[in-house]
Amino acid sequence: MDVLTFQVGGEWYGLDAGIVHRVVEEYAVYPVPMMPMFYKGLLFYRGDLYDVIDLGVLLGSKPATGSRLMLFRWRHHAMAFLADVIGSIRLLEDRSKDRIVLETGEIVRILPMERWIERILNNGHGSGEIQADLPAGIG
Amino acid sequence: MDLEKYRQIFLRESDKYLQEIGSILIDVEADPEETGHWQELHGKIHSIKGMARAMSLESISRLAHEMEAWCLKFQRKEWKAREESIRVVTEGYSLLKALIPRLGRLDVPELNTAYYRLLELLSKGPQGREPADGSKRRADSQTPISVDPIRSIGVSCSLIEELLGFSQELLLMERSKPALSPEMAAVQSWVDQYAALAKGLYFRLAQLRLMSIEEFVDLYRHTIHHQARQMGRLVRIVLSGGDIKADVALLDRLREPMIHIVRNAIAHGIEAPEERKAKGKPEQGTIRIEAESRKETLVLRIADDGAGIRREAIERYLREKQGYGDADIARMDTKAFFAVILSSDFSTASATDETAGRGIGMNVIAQAITYLNGTLDIDSIPGEGTSIAVTLPMSLSVMHAVVFTVGPYRIAVPTSGLDAASYGLPPDDVRESFLDLRRLFGVEINGSQPPGVLKLRSSSAASPGRRRIQGLMVDTIVGNKPVMILRPGQLIRNARIFSGIGVLESGVLTSMLDVDMLAQVSGQIPETAMEV
C-alpha cells in the first residue's frame, strides 16, 4: 500500500496514504477549551469538521513545528495530523510489515490506525491538564 | 463525504441487476407471452433507474425510464410481445451495459447515436404491433407527452461540493484583505458589501445538500434483497415518507447503521417461509421503513413482522450482570427493557441462540446513532415483530447565539438561553453564582478590563444539589449572531461540555457551550476573586 511519510521529533512515521485525502497548508485552526494537550483545535474544510492533533505532543516530544496538515478520514472519524515535516509517499509492498527502511537506513514506522485512534480518543478527557499517555513505542 | 463510495455502490449494484436482466432476457425469448418475465425485467430496470436518478445520471435514468415503460406494456398485456420488441429491449440492455461503467457519459459518437436512436424507438412503441385487445390505440407512432412545470432539479453532489468549496474560499479571502487608506473609503465599503454577499451565498449553499429518504433507501435496496435471498427469506420493503429530505452528510453517516438494522431484521427477525406459514403469517416478510419529520428532527422507523426479540437472554443478563430481581424486571417499561441489548457488555455470543441474536452489533449501531446526537428506541412483541426507531436532529440548523471570547477561544451560547449580556463585574452578593470561564479555561485574566457578563435565563443551569449558576464571566462579547450548527467528532463529544460546533457567517468556528453540562463537569462554582 502507499504510505505517506512524515517526521515528528526526529523520527519517521507513516500512514496509509489511501485514507489521507488532503494535505493543506496553513489552514485556520480554531482552539477549543478543556481538551487534551495534543488537541490543537478544529478545522473546517469544505463543509466538514476535522480534529487537529499535534503529533509532537501526542508522541511525547515537543509541539510539532510544521505548518501543513494531513487531513484524513478513518471509519467515521475525521482528523488532521500536524507533524514537523511531511515526506514523500512510499510503497509498502508487504502489508504485514509495520515498517519501511529508507535509503538512509532510517526506519519509517507505520502507524496502526485503529490503535492510534483509540489512544487519541481514550486520552481525550474533559479537563485540559491531562497529558496524553505517552506510548512506549509504536507498532 | 466520499462520493467515490456511492459510485462504487452504484456500479456494483447495477452490475448485479444487469446480470439478472441478462438471464431474464433469455427466458423472455423462450416464452415472450409470460408476463412474469416482463414484470421481473420491469422491476430490475426500475431499480437501476432509481439509483441512476439518485446519482443524477440523466442519460441512464432516462433510458431506464423508457425501457421500464416498454416492459410494463407487455407485462400488462397491452401490447403483444414479438421478436422485434424483444430485440429492442436487448439493445437497451446492451446500451445500459455500455453506459453504466462510464457513468452515463455519451462520449463516443457511435454510443451517442445508438442511444438517441433507441430512445426514439422506445418512445414510438413497437412497430407493427397489435394491441392485445385488437383495437388500434395509436394511429400514429408518436406517444403524446405531457410535461409538468419544472419545480425542482437534480444536481450532482460533486457540483454542490465544488460550489461549497469555492464559496468557502471566497469567504476566507476576506482575511487577506489589504488595508485601504482612508481616501479609499468608497472602495472599502464596496468590498464590505461584496464580502457580505459572499457570506450569504455560503450560508445558503450549505443548505443545498439534501437527498430524499427514498433515494437513500434505493441505494441499498438490492443488497437487502440479495441478503434475503441468500438466507432463504422472502422479504419485501415498504417505504413511507420517502419524499422527506435530509442533508446528505447526515444520511451518509446513517448508511451503515441502517444497513445493519435491516440486515438484523432479515437474519434474526423474519422467519423462513415455512416457519411463517406454520405461524399463519404470509410467507413473505415485510420490512417497513417509515420516515417522519417533526420540527427539527427526523424519525426513521424500521419495523419487521418477524419473530420479535426473545426476552429470555435479556432477562438473564439483567439478573446475572445487573442483579435485577424478578419483580424489578416485571416493573421495567418496554423501552428500557429492550434498550438493554444496546449495552456494550450485552453479548449473545455466549447465549446458545436463545435470543434472536440481535445483540451482536447493536451497541455499535447505538454508538453510531449517539455520535449523530440521535436516539435509538427498540420495541418488540415476541412472535409478532420488532420495531426500531431512530430519532435524529436534522443535521443542518441555523440558530441565533451570543458569541464571546475567552482568551484564544471563541465560544457561543444559544441566545434563547440568555437574559442579558453586558460588561462589568457582577455585584458582590451574586458574584459567586457567576461561573468565570476565564478561570475555568485557564486563561490569563486582565484585571484592568471589565469582564463580559452573560446573564443566563432563570430556568437553565441548575445542577442538582448545587447552587444555581446565574451567569458567565468572559473576556469579550462579540455579539448576537446567526450560527449554523454542525456535529463535532467524538473527541469533542467526549468533553461533554459542548452541544455542537457553530459556523458563523464569516466561516469562523465557535464552540457551542452546554452550560448545564459545564456546571456539572466543573463541580463547585469557582470563587471569583477580584483581580486588581
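This briefing covers two helix pairings in chain B and the surroundings of two buried residues, one in each of chains A and B. The model is predicted. Helix α1 of chain B packs against α4 and against α2, and both crossings are left-handed.

**Helix α1(B) with helix α4(B)**

- Helix α1 (residues 3–30) and helix α4 (residues 83–99) of chain B pack at an angle of about 165°, and their axes lie 11 Å apart.
- Because angles over 145 degrees count as roughly antiparallel, α1(B) and α4(B) are placed in that class.
- The crossing of α1(B) and α4(B) is left-handed.
- From α1(B), the residues B:L18, B:I21, B:G22, B:L25, B:V28 and B:E29 meet B:I86, B:V89, B:T90, B:Y93, B:L96 and B:K97 of α4(B).
- By class, the residues of this contact comprise 8 nonpolar, 2 polar and 2 charged.

**Helix α1(B) with helix α2(B)**

- Helix α2 (residues 35–54) of chain B packs with α1(B) at an angle of about 160°, with an axis separation of 10 Å.
- The two helices, α1(B) and α2(B), are therefore roughly antiparallel to each other.
- Their crossing, too, is left-handed.
- On the α1(B) side, the contact involves B:F10, B:E13, B:S14, B:Y17, B:L18, B:E20, B:I21, B:I24, B:L25, B:D27 and B:V28; on the α2(B) side, it involves B:H37, B:W38, B:E40, B:L41, B:K44, B:I45, B:S47, B:I48, B:M51 and B:A52.
- The residues of the contact of α1(B) with α2(B) comprise 13 nonpolar, 3 polar and 5 charged.
- B:L18, B:I21, B:L25 and B:V28 of α1(B) take part in the contacts with both α4(B) and α2(B).

**Residue B:K281**

- B:K281 is located in the loop that links α10 (273–278) to β4 (285–294) of chain B.
- Its relative accessible area is 16%, so B:K281 is buried, the cut-off being under 20%.
- The side chain of B:K281 reaches the backbone oxygen of B:G383 at 2.8 Å.
- Beyond neighbours within four places in sequence, B:K281 contacts B:E271, B:R276, B:D305, B:G306, B:A307, B:G383 and B:E384.

**Residue A:Y45**

- A:Y45 belongs to strand β5 (residues 39–45) of chain A.
- With a relative accessibility of 6%, A:Y45 counts as buried.
- Its side chain makes a polar contact with the side chain of A:R22 at 3.2 Å.
- A:Y45 and A:V24 are separated by 21 residues in sequence and by 9.4 Å in space, C-alpha to C-alpha.
- Apart from neighbours within four places in sequence, A:Y45 is in contact with A:R22, A:V24, A:Y27, A:Y50 and A:L71, and also with B:Q168 of chain B.

Notes
Residues numbered from 1 in each chain as written. Chains lettered and ligands numbered in written order. Predicted model: local features only at pLDDT ≥ 70, side-chain atom pairs only at ≥ 80, totals over all residues. Heavy atoms only, no water. Helix = DSSP H or I, 4+ residues; strand = E, 2+ residues; numbered from the N terminus. Buried < 20%, exposed > 50% of the residue type's maximum accessible area, 1.4 Å probe, protein only. Polar contact = N/O pair within 3.5 Å; in protein donor to acceptor, adjacent residues only side chain to side chain. Contact = heavy atoms within 4.5 Å. Axes fitted to C-alpha atoms, helices over the stretch in contact; angles between N-to-C directions. Parallel < 35°, antiparallel > 145°, perpendicular 65-115°, else oblique. Left-handed = near helix turned anticlockwise from the far one by under 90°. Nonpolar A, V, L, I, M, F, W, Y, C, P; charged D, E, K, R; others polar.
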